[in-house]
Amino acid sequence: MKAFVTGADGFIGSHLCEALRDAGHEVTGLALYNSFDSYGWLDEVEGVEKVRGDIRDAEQMRRLIKGHDTVFHLAALISVPDSYLRPRSYIDTNVMGTLNILEAARDAGSKVIHTSTSEVYGTAQYTPMDEKHPINPQSPYAASKVAADALVKAYHLSYDLPCVILRPFNTYGPRQSERAVVATIIRQALDPMCGTIELGNLSAVRDLTYVADTVLALHKCGAGLPLDTYICGSGWGWSVAEIAEKVVEITGCHKPIRETIGRKRPDASEVDVLVCKKTFSHDWSL
């Protein structure tokens with residue numbers, strides 16, 4: 001496989017590049033240009049061709065994707081709180097950027113593995129959630145991913161472009177941004193400057209999936225999983241309070257855990273429960 005990975009400088013993307021490389025594939029990783037001469041987390045990854053670019057640049061994506069048979073599309077703006085402040089940026093990157101990837105892949109004859117999110121479902125209307133769960137975006141971020149997913153499906157149906165959509169539930173692990181719930185809890189627990197662990201909605205329930213498992217699912221999608229939409233999760237739900245309590249127990253920090261208004265979503269936008277069926281029944285093994 002000659003793989004092109006967008007968002008390769010990020011958390012999941014950098015791990016995916018390593019996994020594809022280790023499996024013997026030729027990998028090109030796309031990093032967003034910055035003024036620090038850095039490829040992000042790709043700086044830690046050897047044996048991968050590294051390029052800089054922006055998925056919002058249609059012509060550049062055509063040039064870069066040409067010659068690759070599979071595109072793993074992970075590049076996106078992903079912060080729910082930030083999407084409230086600048087929703088247009090999320091449309092420009094997540095929707096128009098995805099359109100550019102699809103057009104480039106269509107020109108190159110490439111298969112597209114599109115990374116979506118469990119946020120497209122909104123609060124669970126039933127559990128465990130599955131691929132047939134109704135779509136109900138509750139934030140500008142989620143809405144932008146719904147639109148991107150719709151484009152991917154439309155390109156498959158309209159142009160016979162081979163596409164797979166993967167919707168991971170909450171992924172955690174090394175290299176994750178501290179804005180994510182597990183990472184911020186660990187950092188606050190270990191940081192001597194933090195007297196308390198301050199979080200948003202403590203009752204929100206999430207399905208946590210280790211990054212290696214999410215990467216395995218992505219790899220499987222690229223290795224021949226039938227063209228369709230799949231979810232990826234552990235099948236276990238943890239409240240934010242339970243996650244924090246477990247981290248406190250492991251680290252022995254003995255800090256109080258507090259709910260902070262500044263970290264909460266607007267009430268109608270709060271996603272209370274996201275727990276999927278145990279998706280390893282798909283047999284993600286390669």
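A residue counts as buried under 20% relative accessible area, as exposed over 50%, and as partly exposed in between. The exercises below apply this to a predicted model.

**Exercise 1.** Decide whether Lys 277 and its salt-bridge partner Glu 131 are buried, partly exposed or exposed, and state where in the chain the two residues lie.

*Solution.* Begin with the pair itself: Lys 277 forms a salt bridge with Glu 131, and the closest N and O atoms are 3.0 Å apart. Next, place the two residues, since Lys 277 belongs to the segment after β13 while Glu 131 belongs to the loop between β5 and α5, so the salt bridge ties together parts that are 146 residues apart in sequence. Then apply the cut-offs: Lys 277 has 26% relative accessibility and therefore counts as partly exposed. Glu 131, at 22% relative accessibility, also counts as partly exposed.

**Exercise 2.** Describe how domain 1 and domain 2 meet, and identify the salt bridge that the rule finds across their interface.

*Solution.* First, set out the division of the protein, in which domain 1 covers 1–170 + 208–230 and domain 2 covers 179–203 + 235–272. The contact draws on ten residues from domain 1 and eleven residues from domain 2. The C-alpha centres of the two domains lie 27 Å apart, and together the domains bury about 870 Å², with 55% of that area on carbon and sulfur atoms.

Second, turn to the polar side of the interface, where the count is seven residue pairs in polar contact, both residues being at pLDDT 80 or more. On the side of domain 1 that touches domain 2, the residues divide into four nonpolar, five polar and one charged.

Third, look for the salt bridge, of which the rule finds one across this interface. Glu 119 falls within the bounds of domain 1 and Arg 265 within those of domain 2, and these two residues form a salt bridge whose closest N and O atoms are 2.8 Å apart. Glu 119 lies in the loop between β5 (111–115) and α5 (140–159), and Arg 265 in the loop between β12 (257–259) and β13 (273–274), so the pair ties together parts that are 146 residues apart in sequence. Both Glu 119 and Arg 265 are buried.

**Exercise 3.** Work out how Arg 187 and Glu 178 are paired and classed by accessibility, and name the residues that are linked in a network of salt bridges.

*Solution.* The side chains of Arg 187 and Glu 178 meet in a salt bridge, with an N to O distance of 3.0 Å. Arg 187 has 27% relative accessibility and so counts as partly exposed, and Glu 178, at 44%, likewise counts as partly exposed. The network links Glu 59, Arg 62, Glu 103, Arg 106 and Asp 107. For the whole model, the count by this rule comes to 16 salt bridges.

**Exercise 4.** Set out the surroundings of Asn 94 and Asn 136, and class each residue by its accessibility.

*Solution.* Asn 94 is found in helix α4, residues 87–108, and has a relative accessible area of 1%, so Asn 94 is buried. Leaving aside neighbours within four places in sequence, Asn 94 is in contact with Ala 76, Leu 77, Tyr 141, Ser 144, Lys 145 and Ala 148.

Asn 136, by contrast, lies in the loop between β5 and α5 and, at 32% relative accessibility, counts as partly exposed. Not counting residues up to four places away in sequence, Asn 136 touches Val 120, Tyr 121, Gly 122 and Gln 125. The C-alpha atoms of Asn 136 and Ala 124, which are twelve residues apart along the chain, are separated by 9.3 Å.

Notes
Residues are numbered from 1 along each chain as its sequence is written. This is a predicted model: local features need pLDDT of at least 70, side-chain atom pairs count only at pLDDT 80 or more; totals for chains, interfaces and linings use all residues. Side-chain values use heavy atoms; hydrogens and water are left out. Domain bounds come from an automatic or database domain assignment. Contact means heavy atoms within 4.5 Å. Buried area is the accessible area (1.4 Å probe) that two parts lose on being put together, summed over both. A salt bridge is a side-chain nitrogen of Lys or Arg within 4 Å of a carboxyl oxygen of Asp or Glu. A polar contact is a pair of N or O atoms within 3.5 Å; within protein, one must be able to donate a hydrogen and the other to accept it, and residues adjacent in sequence count only if both atoms are side-chain atoms. Ala, Val, Leu, Ile, Met, Phe, Trp, Tyr, Cys and Pro count as nonpolar, Asp, Glu, Lys and Arg as charged, and the others, Gly among them, as polar. Helices (H or I, at least four residues) and strands (E, at least two) are DSSP runs, numbered from the N terminus. Buried means under 20% relative accessible area, exposed over 50%, partly exposed in between (1.4 Å probe, protein chains only).
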